[in-house]
Amino acid sequence: MKSDRNIRLHILKAFEANLLLTGCIIEVEVVNGDVKLTGSADKYCKKQIARKIAKEVDGVKHVFEQITIVIAQEHLLADAEIEKRITDKFIKNFGNAHTDIKTIVKDGYVWLEGRVKWKYQRELAEECIGCLDGIKMIDNNIHVPESAEAGIKEKDVFAAIYSDRSITSDIRIEIVGHRVILKGFVENVDQKNLVTRLVRNVAGVREIENFLLAERRSS
C-alpha cells in the first residue's frame, strides 16, 4: 500500500508531466489516501483535468478539489458571449438534442439544467464546455432518468456512422457491453472525430474507443 507521501509525489509528478496544466499553481495534500487539491488555474477544464489525474493515481481513495479559477482580464467575456459559445458547443456535440439542455450564465458561473437520456450525455455536457474562456464554475444539474439502458445494436451503430455521406470508408466495430471499439480507416482527423460524435448518439453507448487511422489509402 502506498504511503501518503508517495501518493502526493506521484500526483505532483503527473501534474508536471501534463502540458495542459501549464500555468496552474496546485497544492496537493494527502491524508490516509484522501487527496485535497487547492490553488489556482486559468480555465475550468484544468480543474477537471487535475481532479481526473489525481483520481487515477494508485492508492487514492477520494479527491476533494478546491481549485480557484483566476481569469486574466483579456480572457474575461460577457455572459451573453459565454452562453453563445456554450450553445455552439452543444449543437456540435448533441445536434438537435442540445435543446434538451438549458444554460444559465451569471458572472461567468454556469448552471446546466434539463434532461438527457444517457449518463454519458450529462458528463459530456460539462466536459465539452470546460475549456471555454470566461467560465469560472459549472454546476451540472442535468437529470438522467433511472432506467435500464438497452444493449447496443450493431445495426444502429453502422446506421449512425453512415448517416453522414462523407463517411465512405470501411469501418469495423466491436461491441463490449456499453463500449464501442472503432477500427479501420478514414480520410482525415475531422472524419475520425465526426465518427465518434455520431456513435455517441446511439442508444446504450457509454464509452467509445476510436482506433480509426486517419489517412487516405491508395486504391
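How many helices and strands make up the secondary structure of this protein? The count comes to 6 helices and 10 strands. Please keep in mind that the model is predicted. With that said, let us take a walk through it.

## The protein as a whole

The C-alpha trace spans about 55 × 45 × 40 Å along its principal axes. Of the 219 residues in the protein, 37% are buried. Among contacts with a separation of 6 or more, 65% come from residues that are 24 or more positions apart.

## The sheet of strands 1, 2 and 3

Our tour begins with an open sheet of 3 strands, arranged in the order 1-2-3 with mixed pairing. Strand 1 and strand 3 (62-69) are the edge strands, each pairing on one side only. From one strand to the next, the twist averages 10 degrees.

Strand 2 and strand 3 are joined by 8 bridges and pair in the parallel sense. For a landmark here, look for S40, which stands opposite T68 in strand 3.

Two helices lie across strands of this sheet. Helix 1 (residues 4-17) lies across strand 1 and strand 2, and runs at about 160 degrees to strand 1. Helix 2 (residues 44-55) lies across strand 1, strand 2 and strand 3, running at about 160 degrees to strand 3.

## The sheet of strands 4, 5 and 6

Further along the chain, 3 strands form an open sheet in the order 4-5-6, and the pairing is mixed. Its edge strands are strand 4 (101-106) and strand 6 (137-140), each of which pairs on one side only. Neighbouring strands of this sheet are turned by 20 degrees against each other on average, direction ignored.

Strand 5 (residues 109-114) pairs with strand 6 in the parallel sense over 4 bridges. Y109 stands opposite M137 in strand 6.

W111 is a good residue to stop at, and it lies in strand 5. Is W111 buried or exposed? Neither word quite fits: W111 is partly exposed, because its relative accessible area is 27%. Leaving aside neighbours within four places in sequence, W111 is in contact with K102, T103, I104, K106, M137, D139 and N141. The C-alpha atoms of W111 and I138 are separated by 5.9 Å, although these two residues are 27 residues apart along the chain.

## Helix 3 meets helix 4

Helix 4 lies across strand 4, strand 5 and strand 6, and runs at about 165 degrees to strand 6. Helix 4 (residues 119-127) also packs with helix 3 (residues 79-94), at an angle of about 145 degrees and with the axes 10 Å apart. The crossing of these two helices is right-handed.

Which residues of helix 3 and helix 4 make the contact? Helix 3 brings F90, N93 and F94, while helix 4 brings Q121, L124 and A125. Sorted by class, the contact has 4 nonpolar, 2 polar and no charged residues.

## A crossover between strand 8 and strand 9

Strand 8 (residues 179-186) and strand 9 (residues 207-210) run parallel and are joined by 4 bridges. V180 stands opposite I208 in strand 9. To pass from strand 8 to strand 9, the chain crosses through helix 6 (residues 189-200), making a β-α-β crossover that is right-handed.

The parallel pairs described so far can be set side by side:

| Strands paired in the parallel sense | Bridges |
|---|---|
| Strand 2 and strand 3 | 8 bridges |
| Strand 5 and strand 6 | 4 bridges |
| Strand 8 and strand 9 | 4 bridges |

## Two loop residues with positive phi

Most residues other than glycine have a negative phi. Against that background, N32 and D107 are worth a look.

Phi of N32 is near 55 degrees, which is a positive value in a residue other than glycine. N32 lies in the loop between strand 1 (25-31) and strand 2 (34-41). Why does N32 count as exposed? Its relative accessible area is 55%, and exposed means over 50%.

D107 has a phi near 55 degrees, again a positive value in a residue other than glycine. The loop that holds D107 lies between strand 4 and strand 5. D107 counts as exposed because its relative accessibility is 51%, and the cut-off for exposed is over 50%.

Key
Residues are numbered from 1 along each chain as its sequence is written. This is a predicted model: local features need pLDDT of at least 70, side-chain atom pairs count only at pLDDT 80 or more; totals for chains, interfaces and linings use all residues. Side-chain values use heavy atoms; hydrogens and water are left out. Axes are lines fitted to C-alpha atoms, for helices over the stretch in contact, and angles run from 0 to 180 degrees between N-to-C directions. A crossing is left-handed if the near helix is turned anticlockwise from the far one by less than a right angle, and right-handed if clockwise. Contact means heavy atoms within 4.5 Å. Ala, Val, Leu, Ile, Met, Phe, Trp, Tyr, Cys and Pro count as nonpolar, Asp, Glu, Lys and Arg as charged, and the others, Gly among them, as polar. Two strands pair if DSSP finds at least two bridges between them. A crossover is right-handed if, with the strands pointing away from the viewer, the path from the first strand over the helix to the second runs clockwise. Buried means under 20% relative accessible area, exposed over 50%, partly exposed in between (1.4 Å probe, protein chains only).
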